[in-house]
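Let's take a walk through this structure together, one selection at a time. Keep your viewer open and follow along.

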Amino acid sequence: MKILITGANGQLGQCLQDVLRPTSHSIVALGSAELDITSEAAVQERLAAEQPDVVINAAAYSAVDRAEEEETLAFAVNADATDHLASAASNVDALFIHVSTDYVFDGTATEPYSEEATTHPLSVYGKSKLAGEQAASRADKHYIVRTAWVFSEYGNNFLKTMLYLGAERDRLSIVNDQIGTPTCAKELAAALVLLAEQRDAPSGIYHFSGGETCSWFDFADAIFAAAKEQGTLATVPALTPIPSSEYPTLAPRPAYSVLSSNKLAQYIGVHGRGDWRKALTPVVQTLTDSK
């Protein structure tokens, strides 16, 4: 298959390329310099020229707090651009895979969100991503995959922030009342590729997340345990759990972001469920080796 990836320089885009390189699939990896996805004409022209079998949209405006002040840009990238890509994918008869987020929910649930759960985004970012889902659903053949708390050795993410701060500080205060499931970007990428290869699932929304539920405090604790074990940090900071009220942000965060991956697992088996604890160690090791 010929697979076209947008957002190629982001953490998911880079992980998709890592997963695809050993396969026989042809890869067209496009960052913003190669394709302005906010330009409908540019998107239609490029996809018509490439004639991909699959389009995976890994591009996103993901600056959650900044989106509160840059609403127009957030919607241009997360919603309008998705509409351009969905339309262009349909025009070349390509499968369209779009990645979305737990932020489409308000976080008031007490059990894992299913794909059919009512959406109610709290932030501009969440609203723009929900609009993107609605745009993606207009593609003739589409998979919309929601995920949460993504980490990898690439880009900017919580894991890398913790390792940076842990090397600079003796103590850190970490939010302990936001609950979710960290997701390894490489595991997500592998699931997306398998979904594209099998194509057995009907068009619609699916969830993929990292398995075990935890708080940001729990995640940080596991990160530093792995870093200490592998010698990434000579010493690790003392961690103090705090409520979200002591760490105010411009955009509200869902207090509960746990996604159920059962639906996806029905179609791609165990590959439909992540395991962030198992995936954490090799990511930390890769970051250690790259120093």
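Start by selecting E133 and R146, both of which are buried. This is a predicted model, and in it the side chains of these two residues meet in a salt bridge, with 2.8 Å from N to O. The pair brings together distant parts of the chain: E133 belongs to helix α4 and R146 to strand β5, 13 residues apart.

**The strand that carries R146**

Stay with R146 and add S100, its bridge partner. Now extend the selection to residues 95–101, strand β4, and residues 142–147, strand β5. The two strands run parallel and are joined by 6 bridges. Next, show residues 124–136, helix α4, which packs on the sheet and touches β4, β5 and β10. The direction of α4 makes about 160° with that of β4.

**The whole sheet**

In what order do the strands of this open sheet come? Colour them one by one and you can read off β2-β1-β3-β4-β5-β10, 6 strands with parallel pairing. At the edges sit β2 (26–30) and β10 (204–207), each pairing on one side only. Look along the sheet and you can follow its twist, which averages 20° from one strand to the next.

**Helix α2 and its charged residues**

Select residues 40–50 next. This is helix α2, lying across β1 (2–6), β2 and β3 (54–57), and it runs at about 155° to β1. Now pick E50, which has two salt-bridge partners to look at here, K2 and R46.

- K2 and E50 meet at 3.1 Å, N to O; K2 is in strand β1 and E50 in helix α2, 48 residues apart along the chain.
- E50 and R46 meet at 3.0 Å, N to O; both lie in helix α2, 4 residues apart, about one turn of the helix.

Is E50 buried or exposed? Its relative accessibility is 17%, so E50 counts as buried. K2, at 23% relative accessible area, is partly exposed, and R46, at 26%, is partly exposed too.

In total the structure holds 11 salt bridges. For another stop of this kind, select D18, R21, E153 and K186, which are linked in a network of salt bridges.

**Two residues with positive phi**

Most residues other than glycine have a negative phi. With that in mind, go to Q51, in the loop between α2 and β3. Q51 has a positive phi, near 50°, and is partly exposed, with a relative accessible area of 45%. Then jump to D93, in the loop between α3 (71–91) and β4. Phi of D93 is also positive, near 60°, and D93 is exposed, with a relative accessible area of 66%.

**The largest nonpolar core**

In soluble globular proteins, nonpolar side chains tend to be buried together. To see this here, select F151, L159, M162, I174, F219 and L280: of the 38 residues in the largest nonpolar core, they touch the most other members. The elements that give two or more residues to this core are α5 (158–168), β7 (171–175), α7 (216–230), β12 (238–242) and α9 (276–289). Which element gives the largest share? That is α7, with 9 residues.

Zoom in on M162 and display its neighbours L172, I174, A220, I223 and F224, which M162 touches when residues up to four places away in sequence are not counted. Apart from this core lies another, of 29 residues, including C15, L20, V145 and Y154.

**Helix α7 and what follows**

Now isolate α7. With 15 residues at 1.5 Å a residue, α7 should span 21 Å; its end C-alpha atoms are 21 Å apart, so the two agree. Among its buried residues are W216, F217, F219, I223 and Q230. The buried residues of α7 pack against β6 (150–151), α5, β7, β11 (214–215), β12 and α9.

Step off the end of the helix to G231, which has a positive phi, near 75°. Finish at T232, in the loop between α7 and β12. T232 is buried, with a relative accessible area of 11%. For a last distance, draw a line from the C-alpha atom of T232 to that of L287: the separation is 8.3 Å, although the two residues are 55 apart along the chain.

How values were computed. Residues numbered from 1 in each chain as written. Predicted model: local features only at pLDDT ≥ 70, side-chain atom pairs only at ≥ 80, totals over all residues. Heavy atoms only, no water. Core = buried A, V, L, I, M, F, W, Y, C linked by side-chain atoms within 4.5 Å. Buried < 20%, exposed > 50% of the residue type's maximum accessible area, 1.4 Å probe, protein only. Contact = heavy atoms within 4.5 Å. Pairing = 2+ DSSP bridges. Axes fitted to C-alpha atoms, helices over the stretch in contact; angles between N-to-C directions. Expected span 1.5 Å × (residues − 1). Salt bridge = Lys/Arg side-chain N within 4 Å of Asp/Glu carboxyl O.
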